[in-house]
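Please open the model in a viewer and keep the selection tool at hand. The tour below proceeds stop by stop, stating at each one what to select and what is found there.

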Amino acid sequence: MKKYAIFTAILLMVFGAVVIAGCDNVSEQRTSYVIDAVLDTENMTLTADMDVHYVNESDAELDSLYFHLYPNAYREGARFTPVATSDMAEAYPHGVNYGGIAIGSVTVNGEDCSWEIGGEDENILMITGLEVLPGGELDVGVDFTLAIPETRNRFGHYDGKINLGNWYPIAAVREDGAWRTDPYTTYGDPFYSDTADYDVTITVPSGWEVAGTGSVTASMNGDDMTYVFNADGVRDFALCTSADYTCTEGTAGDVTVRFYGTAPQAESGLSVACDAVETFSELYGEYPYDTLSVVMTPFIEGGMEYPSLVMISDSLGADMTKEAIIHETAHQWWYAAVGSDQINEPWLDEGLTEYSTTLFYEKNPEYGVDIADRIADAMQSYVLFEDVYSDTPDIGVMDRPLGEYSTSTEYAFHAYVKGELMFDSLRHILGDDAFFGALREYYKNYSGSNADAACLIAEFEESSGMNLESFFKSWLSGAAGIN
Ligand SMILES: [Zn+2]
């Protein structure tokens with residue numbers, strides 16, 4: 001995600017108006033999802049049949065399967081909500097309203113099964129009474145209906161545009177002998193998943209354009225349009241749709257880049273996205289997919305990343321729109337291809353992505369962003385942040401889970417600003433050969449799987465021949481700040 005609250009916070013601080021308040025490997029067999037969905041744009045509901053061919057990639061027998069129900073964070077009475085109280089008016093301009101997911105039926109291998117909705121906040125579909133051996137497979141069928149709330153968010157509709165991020169039941173990650181059932185968080189991107197193959201069919205009224213993860217074919221179906229998406233080896237699947245979109249296509253090498261928005265935005269937006277795909281491919285390794293879709297859409301944050309699809313807020317100015325496209329495109333390497341635990345190590349993908357944005361400007365001087373100024377500004381604002389928040393316990397500790405952040409400012413300064421400064425400092429210590437060599441190895445070795453901080457640090461140590469334990473410890477755990 002791209003947090004433009006950072007810049008607001010910096011300005012507020014400068015003007016004194018602040019109110020303080022294990023590395024795994026790519027499996028040979030993957031789980032696959034086949035989803036057939038029909039969108040009702042009058043009632044803002046979606047009904048879907050989902051068939052999951054689940055592969056037990058763990059080394060233990062499973063007696064249950066857990067799936068996240070992220071849309072339930074948008075329901076009335078949710079304990080863990082997607083929007084901070086202070087942001088409600090911006091997220092719900094027409095007043096607060098609610099959405100959610102209703103599960104109609106669940107089957108295992110075509111038979112009725114034992115299931116219930118649980119977790120800390122009705123956020124998990126639990127299927128029990130199973131026996132799935134290591135390497136074993138089974139077919140899970142889930143019928144569900146979404147109520148899409150009117151909100152400017154990653155899951156919601158507003159102003160004739162519908163964002164479907166984190167919208168279907170997705171298998172929880174199995175880790176250390178347990179299911180990861182983390183509930184939603186107000187700050188950050190509380191998502192963590194394994195890669196899978198997707199075939200998704202969605203039917204919409206004629207005239208509605210649909211952007212989605214992966215390759216697409218579209219056909220008329222009576223008065224409706226049917227879009228069929230295919231994406232293999234992706235860790236999530238997102239859709240955006242509107243009758244107002246014009247789709248403009250370009251290419252970056254072999255990659256098809258699509259821009260969904262209004263015609264005046266298309267030339268610049270497409271050009272930035274193509275530049276970003278080319279720049280990061282040269283820096284880190286080839287772009288991991290065949291397509292990238294950039295969608296301009298109502299969104300309370302600057303942007304949001306999904307595999308081969310990025311949502312960009314349609315209320316940003318021209319420079320911030322470019323920056324959001326660059327940032328979210330960098331996430332295709334750090335989040336989409338190389339996955340990480342965004343709940344417990346949010347700095348890992350956001351810090352790398354934010355520094356990648358700086359590197360983009362360095363490699364593309366025609367964008368007119370001075371790198372030295374950008375890093376100096378980040379340093380100055382970070383030092384100011386620590387000064388202002390000096391009475392807050394553990395201020396400066398950036399290695400913390402999303403749930404421990406109590407303000408958007410704190411999260412943004414740790415995961416983004418301090419993350420960027422840490423990677424810039426490391427680059428100067430290691431030199432470009434070792435720094436970029438490590439990132440290329442990290443990308444090559446963990447693309448398609450999940451990595452953690454130890455995996456990345458090991459790559460930097462190997463490429464440089466240096467022991468970097470104290471460097472990372474002081475940045476990640478140091479409460480003394482930077483100077
Ligand atoms: Zn981000």
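The stops that follow lead from the domains to the strands, then to a helix and to individual loop residues. Please bear in mind throughout that this is a predicted model.

**Stop 1: the two domains**

Select residues 8-21 together with 348-477, which make up domain 1, and colour residues 36-194 separately as domain 2. The centres of domain 1 and domain 2, taken over C-alpha atoms, are separated by 31 Å. Where the domains touch, domain 1 contributes six residues to the contact and domain 2 contributes five. On the domain 1 side, the touching residues comprise four nonpolar and two polar ones, with no charged residue.

**Stop 2: the open sheet**

Next, display the strands of the open sheet. Eight strands compose it, in the order β5-β4-β8-β2-β1-β14-β17-β16, and their pairing is mixed. The edges are occupied by β5 (111-112) and β16 (215-221); each has a single partner strand, so one side of each lacks a neighbour in the sheet.

Within this sheet, select β2 (residues 45-55) and β8 (residues 137-147), an antiparallel pair joined by eleven bridges. To find the register, label H53, which stands opposite D139 in β8. Then add β4 (residues 100-108), which is antiparallel to β8 and pairs with that strand over eight bridges. Here the residue to label is I101, opposite L146 in β8. Return to β2 and select β1 (residues 32-40): these strands run antiparallel and are joined by nine bridges. Across this pair, D36 faces D49 in β2.

**Stop 3: the partners of β7**

Select β7 (residues 124-132) with β3 (residues 62-68); six bridges connect the two strands, which are antiparallel. F67 has L125 of β7 as its bridge partner. Now add β6 (residues 114-118), also antiparallel to β7 and joined to that strand by five bridges. In this pair, E116 is matched with M126 of β7. Between the strands of the β6 and β7 hairpin there are five residues, and G119 adopts a positive phi near 85 degrees in this hairpin.

**Stop 4: helix α7**

Select residues 408-430, the 23 residues of α7. At 1.5 Å a residue the helix should span 33 Å, and the 32 Å between its end C-alpha atoms therefore agrees with expectation. Centre the view on K418, where α7 has a kink of about 30 degrees. Is the helix mostly covered or mostly uncovered? α7 is mostly covered, since 18 of its 23 residues are buried. Step just past the helix to G431, whose phi is positive at about 85 degrees.

**Stop 5: two loop residues with positive phi**

Most residues other than glycine have a negative phi. Two residues are therefore worth selecting in turn.

D159 lies in the loop between β9 (155-158) and β10 (161-164). Its phi is positive, near 55 degrees, although the residue is not glycine. D159 counts as partly exposed because 13 C-beta neighbours lie inside 10 Å.

S308 is located in the loop between β22 (303-306) and β23 (309-313). This residue, again other than glycine, has a positive phi near 60 degrees. Is S308 buried or exposed? S308 is buried, because 27 other C-beta atoms lie within 10 Å, and the cut-off for burial is 20 or more.

Definitions and conventions
Residues are numbered from 1 along each chain as its sequence is written. This is a predicted model: local features need pLDDT of at least 70, side-chain atom pairs count only at pLDDT 80 or more; totals for chains, interfaces and linings use all residues. Domain bounds come from an automatic or database domain assignment. Two residues are in contact if their C-beta atoms, placed from the backbone, lie within 7 Å. Ala, Val, Leu, Ile, Met, Phe, Trp, Tyr, Cys and Pro count as nonpolar, Asp, Glu, Lys and Arg as charged, and the others, Gly among them, as polar. Two strands pair if DSSP finds at least two bridges between them. Helices (H or I, at least four residues) and strands (E, at least two) are DSSP runs, numbered from the N terminus. The expected span of a helix is 1.5 Å times one less than its number of residues. The bend at a residue is the angle between axes fitted to the seven residues ending there and the seven starting there. A residue is buried if 20 or more other C-beta atoms lie within 10 Å of its own, exposed if 12 or fewer, and partly exposed in between; C-beta atoms are placed from the backbone.
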